[in-house]
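Please open the model in your viewer and keep the selection tool at hand, since the tour below moves from one selection to the next.

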Amino acid sequence: MPPRFAISDQTNPAWEAMRDRVAVDGSATHPMVARLIAPNGIHRDMADAIHILGMVHGHHPGLADETLTHNVQPAAAAWLAGVGAAFADERAYLAALVSAAGPIPSTPGQAETEAALAGQHHALHMLAGSARAGCAAGAVLAQMLDWRAIRAVLDHGAARFGLAIAPLSFPHPHETALLVGQLADTLGSDRAMRFGADQLLAQHRGLWNLVEARASARDHL
């Protein structure tokens, strides 16, 4: 979890609520993440996870880029551009990892995997295009906060595959916290941000469920 700043629950409850959501329902709590970053993690499981992450998050435009295109909260424009630029770096990192991981491991249930990935892409697209003020921004915020746990997997993979760990260039948490307080300035926008965040986290849980199911299928070959 990123370090806390001098922004109290009383002065910025929206920020604290978002961080709490990610801490409870984010990728860091999924057992597959712990399995992947364990010292005795299985190489093919890591390679498969890298490929799946690349299929979901390795394409342009990403969630932040699409949200900026449809932006219904102009105050978020500069922040969204910064998050989008950071995720451009993350896509390059993912591409290097996918290449280093080698071919995706053969796994039963390819049709189910393709359907699940299509569902992920559709859900992210719908979140980015939401006309409900706060929804898309909340999804982008949750993606950015949850990415630290995903980054733990990517960095573990980089170490395993002999790649340098790339720097993470997201906007400073203090800047983000101030913006969240500004965007969640009404009850409706605050609820929309939380809804968008919850939807994004649900997609990430679904992604890890898919990676876990694929690992289990290979274990039973």
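A helix here is a DSSP run of H or I that is at least four residues long, with helices numbered from the N terminus. With that convention in place, and bearing in mind that this is a predicted model, select the lining of the largest cavity, to which helix 7 gives the most, with three residues. The lining has 15 residues in total, and Thr-67, Asn-71, Val-72, Ala-136 and Ala-137 are those that lie nearest the centre of the cavity. The space inside amounts to about 70 Å³, and a search of the whole structure finds two cavities of 30 Å³ or more.

Next, colour the largest nonpolar core, which has 60 residues and in which Trp-79, Leu-141, Leu-154 and Trp-208 have the most contacts. Helix 7, residues 135–161, supplies the largest share of this core, namely 14 residues. Centre the view on Leu-141, which, once residues up to four places away in sequence are set aside, touches Trp-15, Met-18, Trp-79, Thr-176, Val-180 and Met-193.

From there, step across to Thr-176, which is found in helix 8, residues 173–183. Is Thr-176 buried or exposed? Its relative accessibility is 0%, and Thr-176 therefore counts as buried, the cut-off for that class being under 20%. Leaving aside neighbours within four places in sequence, you should find Thr-176 in contact with Trp-15, Trp-79, Leu-141, Met-144 and Pro-171.

Now widen the selection to the buried residues of helix 8, which are Pro-173, Thr-176, Ala-177, Leu-179, Val-180 and Leu-183. Looking down the axis, you will see them on the same side of helix 8, because they cover an arc of only 165° around that axis. To see what covers these buried residues, display a set of elements that includes helix 1 (13–25), helix 5 (77–101), helix 7 and helix 9 (187–219).

The last stop is helix 1, whose 13 residues reach 18 Å from the first C-alpha to the last, close to the 18 Å expected at 1.5 Å a residue. Select Ala-14, Trp-15, Glu-16, Ala-17, Met-18, Arg-19 and Val-22, which are buried in this helix; two of the residues in that selection, Trp-15 and Met-18, are among those that Leu-141 touches. The cover over the buried residues of helix 1 includes helix 7, helix 8 and helix 9, and with these displayed you can return to Thr-176 in helix 8 and follow its contact with Trp-15.

Methods. Residues numbered from 1 in each chain as written. Predicted model: local features only at pLDDT ≥ 70, side-chain atom pairs only at ≥ 80, totals over all residues. Heavy atoms only, no water. Helix = DSSP H or I, 4+ residues; strand = E, 2+ residues; numbered from the N terminus. Buried < 20%, exposed > 50% of the residue type's maximum accessible area, 1.4 Å probe, protein only. Contact = heavy atoms within 4.5 Å. Core = buried A, V, L, I, M, F, W, Y, C linked by side-chain atoms within 4.5 Å. Arc of directions from axis to C-beta. Expected span 1.5 Å × (residues − 1). 1 Å grid on protein atoms, 1.4 Å probe; cavity = no way out; pocket = protein on both sides within 12 Å on 5 of 7 lines; lining within 4 Å. Points joined across faces, edges and corners; volume = space filled by probe spheres on them.
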